[in-house]
Amino acid sequence: MGYRPTIGLEIHVELSTASKMFCGCPNHFGDPPNSNVCPVCLGMPGVLPTMNRQAYEYAVLMGLALNCRIATFTKWDRKGYYYPDLPKNYQISQYDLPLSSNGYIDLLVNGQTKRIGITRAHLEEDAGKNVHDLPGCTGVDLNRAGVPLLEIVSEPDMNSVPEVMAYARSMRQLVRYLNISQANMQQGHMRFEPNISLWVFDDAEPDGGHYTPIVEVKNLNSFRSLERTVAFEIDRQAGQWQADPDGYRMDKMSKQNRGWDDVREVTVYQRHKEEADEYRYFPEPDLLPVEIDDAWLGRIKAQLPELPIARYARFRKEFGLDEKLTTLLTSERGTADYFEAVVQAGASPHRAANLIQSQGLRLANERGTDVAGLGISAERLAGLCKLADEDKVSATTAAGIFQAMLESDDPPEKIAQDRNLMQVSDTSALEAIVAEVLSENGKAVADYKSGGKKAKKARSFILGQVMQRSKGQANPKVAGELIDRKVLGQT
Amino acid sequence: MELHCLSIHQLAAELAKGQVSSCQATEHLFERIERHDPVIHGYLELQQDAAIAQADRIDKRRNDGETLGPLAGVPLAIKDNICVSHGRTTCASKILGNFQSPYDAHVIEALNAADAVILGKTNLDEFAMGASTENSGFGLTRNPWNPETVPGGSSGGSAAVVAADLAYAALGSDTGGSIRQPAAFCSVVGLKPTYGRVSRYGLVAFGSSLDQIGPIAKTVPDAALLLAAIASHDRRDSTSAELEVGDYLAEIERPVKPLRIGVASEYFGPGLDKEIAQAVRRALDLYESLGAEIVELSMPLNKYALAVYYIVATAEASSNLARYDGVRYGYRDRDSKDHIDMYSASRAHGFGAEVKRRIMLGTYTLSAGYYDAYYLKALKVRTLIKQDFDKAFEQVDCIAGPVTPTPPFKLGEKIDDPLTLYLSDVYTVMANLTGLPAISIPCGFSSAGLPIGLQLTTKAFSEELLLRIARMFEQATDYHQRKPKLQS
């Protein structure tokens with residue numbers, strides 16, 4: 001007997017449009033409560049919604065990126081339920097005709113490609129927020145009410161925690177690649193709802209088996225809580241099944257909602273779902289159906305950038321970069337674009353990749369921006385790469401110049417010259433220094449010449465002295481060759 | 001003729017000549033309202049100061065020789081389910097008893113742009129649900145022709161104040177006949193425009209796919225003038241049509257020739273009052289004498305219209321009225337222990353019986369397991385009814401028939417029998433289900449002296465034609481000129 005986790009994930013993504021889904025209010029996080037509101041998103045008597053075309057296009061773009069079938073005809077539906085943060089007490093959503101369906105996304109999990117089916121992705125409006133930390137009452141902040149929300153529903157195709165995490169992270173990466181959401185977890189731009197059950201099977205009977213009852217966990221708003229929830233549920237359900245192999249099965253128990261307790265790090269029982277929820281869906285009479293023609297779809301398709309997985313494969317092949325560096329460079333579209341621009345401007349891919357990784361990403365992170373936001377143009381960074389490629393500056397010096405370029409608009413070459421950081425590869429200039437060092441360090445020369453145990457250490461010492469005397473500007477390779485020639489008489 | 005008896009066109013002429021000022025006309029009406037409205041109770045709220053200030057502004061601008069809007073200085077009344085940013089907008093419901101709208105409806109912006117004067121807000125059945133104005137949370141309205149009878153509904157207040165010359169015209173709203181039926185009961189002209197012709201932005205929703213704002217006026221040309229002022233495309237209403245507004249007045253006096261008028265035999269079946277049948281037949285004879293050809297039609301699906309209407313309208317209403325929960329505005333029960341309790345208590349105390357009945361009906365038909373049998377089937381039949389009308393309009397220019405099955409009934413007569421009251425809408429709901437424009441014009445009186453209306457329907461967005469056909473009848477008759485004797 002054994003079991004295999006079976007997990008599907010619903011993800012809600014807030015789209016980063018300028019205005020809300022059905023009114024002109026700013027879609028902006030962090031403003032004072034109820035400042036981004038109007039009669040429409042407050043659900044005042046007599047108001048009517050008007051569709052935000054940009055949000056619709058963003059959603060279609062995501063549908064295309066998820067290899068979905070894009071519906072040419074869709075409509076809006078009202079989903080009715082009463083809650084204080086839902087001003088109309090119905091949410092405008094899409095019920096039986098989602099704008100996209102039947103897609104998939106390919107993930108890289110432990111070097112293997114795994115395909116996860118996408119059931120559907122549709123648009124709806126977000127609700128507001130109940131504020132519970134007020135004295136003696138609950139407040140309602142409706143700034144978020146009406147923000148465009150994309151709901152992406154996967155097939156139950158994930159079988160492990162790493163697969164769930166790869167899926168969730170890929171979705172985040174994808175919406176950021178498409179530039180349709182900032183996907184900022186702290187601001188609640190992405191929320192997860194995993195559906196978890198175990199497929200329990202007997203190796204002796206390959207056709208037999210059964211599922212444990214499905215558990216749905218709502219409203220997880222961090223990768224950490226998603227990861228822990230899924231891991232916890234897998235263990236919990238396995239324990240339940242082992243304790244009661246005949247009773248703990250989907251055909252004998254109904255679906256259950258549980259919540260994640262972030263403090264105790266456990267899921268907590270909320271309610272059983274005996275039957276389907278009663279939302280009294282019906283077509284929204286205040287909005288016209290949306291019909292996408294080929295021309296409109298074509299214009300949206302044209303905005304589709306190269307997607308992360310394709311870009312990863314191309315970077316590996318085209319630039320010969322290793323997995324780790326490629327993953328790093330393609331994780332954000334801005335980084336990948338910047339890297340390619342630097343290479344385009346004449347840098348060697350490895351030099352550009354290493355400098356972006358070791359300096360660019362680190363500095364950007366420190367400054368809360370991305371590499372392109374550091375203010376170093378691709379051309380200037382390419383200039384620095386070329387200096388290093390041509391041995392005019394050492395790798396260590398290049399890192400220092402990268403930092404200096406943040407404060408100066410001068411070309412890297414000028415920065416290097418002004419600060420006397422250019423390597424001296426000119427043998428005639430170096431010969432004098434080498435001769436001087438050799439004459440002053442007779443013992444080291446002798447040790448080196450002897451070829452004995454101390455030879456290696458002696459050579460390093462001599463080279464160190466040369467570097468010191470040249471104030472670090474000597475090209476170590478050229479200086480080393482010069483020393484070898486002088487001491488050993490090699491040519 | 002006395003000042004309050006004038007039509008808008010006549011008043012406008014007097015104002016233009018300087019014979020009378022807008023202030024005089026407005027003040028005159030307020031005096032009349034003070035005298036007669038305590039009996040009729042057509043108004044829920046008067047906006048006297050604002051109205052006189054506006055009239056004064058218009059008079060000054062007129063004296064300064066400024067170009068004024070088409071309704072300059074004309075005092076009008078507004079049904080109280082249309083949002084106006086000053087004063088209250090209550091929908092005659094206790095749940096919105098003190099509600100002040102933060103914005104003006106599209107039609108109010110349009111009336112302001114036309115330089116109209118707004119006298120106040122008129123009574124209605126709560127949230128426009130009813131056919132007698134007895135369902136108002138703030139007292140019933142009486143029919144000026146006989147204060148013991150209902151004025152019809154739900155725009156009963158608007159129809160009554162126009163009939164009683166307490167406003168030169170009014171705006172109503174029509175979801176299943178709420179403009180046309182009270183117009184018929186009060187012997188005034190009531191027009192429901194094509195769905196999408198007038199923006200619904202700011203009309204408190206009852207049945208969103210059926211609702212339409214329209215004019216209630218003393219004459220057909222006045223209705224045309226008012227419609228021209230409020231009809232337009234409005235970006236804020238996705239269902240408003242991006243079509244040019246016709247010039248409804250240019251050719252209104254020119255008879256339509258040739259004219260084929262369709263009459264469905266089904267309209268004259270059981271349930272129709274004899275005197276109404278006779279009046280409608282006489283009206284058709286008159287059209288024939290004016291050169292029209294009367295074509296007998298069969299519209300068998302009409303008998304399903306009322307059932308379809310009450311499924312669609314209540315379903316949409318149950319959702320539209322969900323927002324009245326006491327959380328953000330309106331009546332809130334203060335003694336509740338939690339928010340669920342607050343919802344229940346606020347809605348239980350805030351809504352009247354008829355509104356609650358319709359919310360329950362609508363909630364039921366939208367529920368899982370019933371949706372397909374009720375709502376979805378109703379939508380399909382609605383489509384078939386539309387096709388029936390499309391087919392009819394291949395043969396005729398206009399369809400004529402009664403507006404109501406009975407003359408105005410007595411106060412209290414039907415209020416405890418909702419099903420019988422629902423039957424009042426049997427001839428009017430088709431125009432809402434199909435979206436077609438329809439008008440009610442005075443076509444006679446019963447032996448008891450109560451008004452009878454004639455209903456005319458034409459193709460979608462053909463209000464120009466509809467008004468011309470209605471005007472032909474009006475020119476040939478004097479029913480619209482008769483006035484009720486008011487009590488004070």
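Q: Which residues touch the most other members in the largest nonpolar core?
A: B:L71, B:F127, B:Y287, B:I441 and B:L456 do, in a core of 162 residues. A nonpolar core here is a set of buried Ala, Val, Leu, Ile, Met, Phe, Trp, Tyr and Cys residues joined through side-chain atoms within 4.5 Å. Buried means under 20% relative accessible area, exposed over 50%, and partly exposed in between (1.4 Å probe, protein chains only).

Q: Which helix gives the most to this core?
A: Helix α9 of chain B, residues 302-320, with 10 residues. Helices (H or I, at least four residues) and strands (E, at least two) are DSSP runs, numbered from the N terminus.

Q: Is there another core apart from that, and what is in it?
A: Another core, of 69 residues, lies apart from it. Among its members are A:I7, A:A55, A:Y56 and A:A166.

Q: What does B:Y287 touch?
A: Leaving out residues up to four places away in sequence, B:Y287 touches B:L259, B:I261, B:A292, B:I441 and B:L454. It also touches B:L456, B:I469, B:A470, B:M472 and B:F473. Contact means heavy atoms within 4.5 Å.

Q: Before we go on, what kind of model is this?
A: It is a predicted model: local features need pLDDT of at least 70, side-chain atom pairs count only at pLDDT 80 or more, and totals for chains, interfaces and linings use all residues. Residues are numbered from 1 along each chain as its sequence is written, chains are lettered from A and ligands numbered from 1 in the order in which they are written, and side-chain values use heavy atoms, with hydrogens and water left out.

Q: Chain B overall: how many helices and strands?
A: Chain B has 15 helices and 11 strands.

Q: What about its radius of gyration?
A: Chain B has 21 Å, which agrees with the value near 23 Å for a compact globule of 488 residues. The radius is taken over C-alpha atoms, and the globule rule is 2.2 Å times the number of residues to the power 0.38. Along its principal axes, the C-alpha trace of chain B spans about 65 × 55 × 45 Å.

Q: How many of the residues of chain B count as buried?
A: 64% of the 488. Of the contacts in chain B with a separation of 6 or more, 76% come from residues 24 or more positions apart.

Q: And chain A, how many helices and strands?
A: Chain A has 15 helices and 17 strands. Its radius of gyration is 31 Å, well over the 23 Å that the globule rule gives for 491 residues, so chain A is more spread out than a compact globule. Its C-alpha atoms fill a box of roughly 95 × 60 × 55 Å along the principal axes.

Q: What share of chain A is buried?
A: Buried residues make up 52% of its 491 residues. For contacts between residues at least 6 apart in sequence, 68% join residues at least 24 apart.

Q: Switching to surface. What does each chain expose?
A: Chain A exposes about 22,700 Å², with carbon and sulfur atoms supplying 49%. Chain B comes to about 17,300 Å², and 51% belongs to carbon and sulfur atoms. The areas come from the Shrake-Rupley method with a 1.4 Å probe; for residues, only the protein chains shown count as cover.

Q: Where does A:T138 sit?
A: In strand β9 of chain A, residues 137-141. A:T138 counts as partly exposed, at 46% relative accessibility. Beyond its neighbours within four places in sequence, A:T138 contacts A:N130, A:V131 and A:H132.

Q: Which peptide bonds are cis in chain B?
A: One joins B:G153 to B:S154, with omega near 10°. B:S154 lies in the loop between β3 (117-122) and α5 (156-163). Another joins B:K257 and B:P258, with omega about -5°. B:P258 is in the loop between α7 (220-230) and β7 (260-264).

Q: Why flag those, or a positive phi?
A: Most peptide bonds are trans, and most residues other than glycine have a negative phi.

Q: A:N110 has a positive phi; is that residue buried or exposed?
A: A:N110 is exposed, with a relative accessible area of 70%. Its phi is about 50°. A:N110 lies in the loop between β6 (100-109) and β7 (112-125) of chain A.

Q: And B:D115, buried or exposed?
A: B:D115 is buried, at 7% relative accessible area. Its phi is near 70°.
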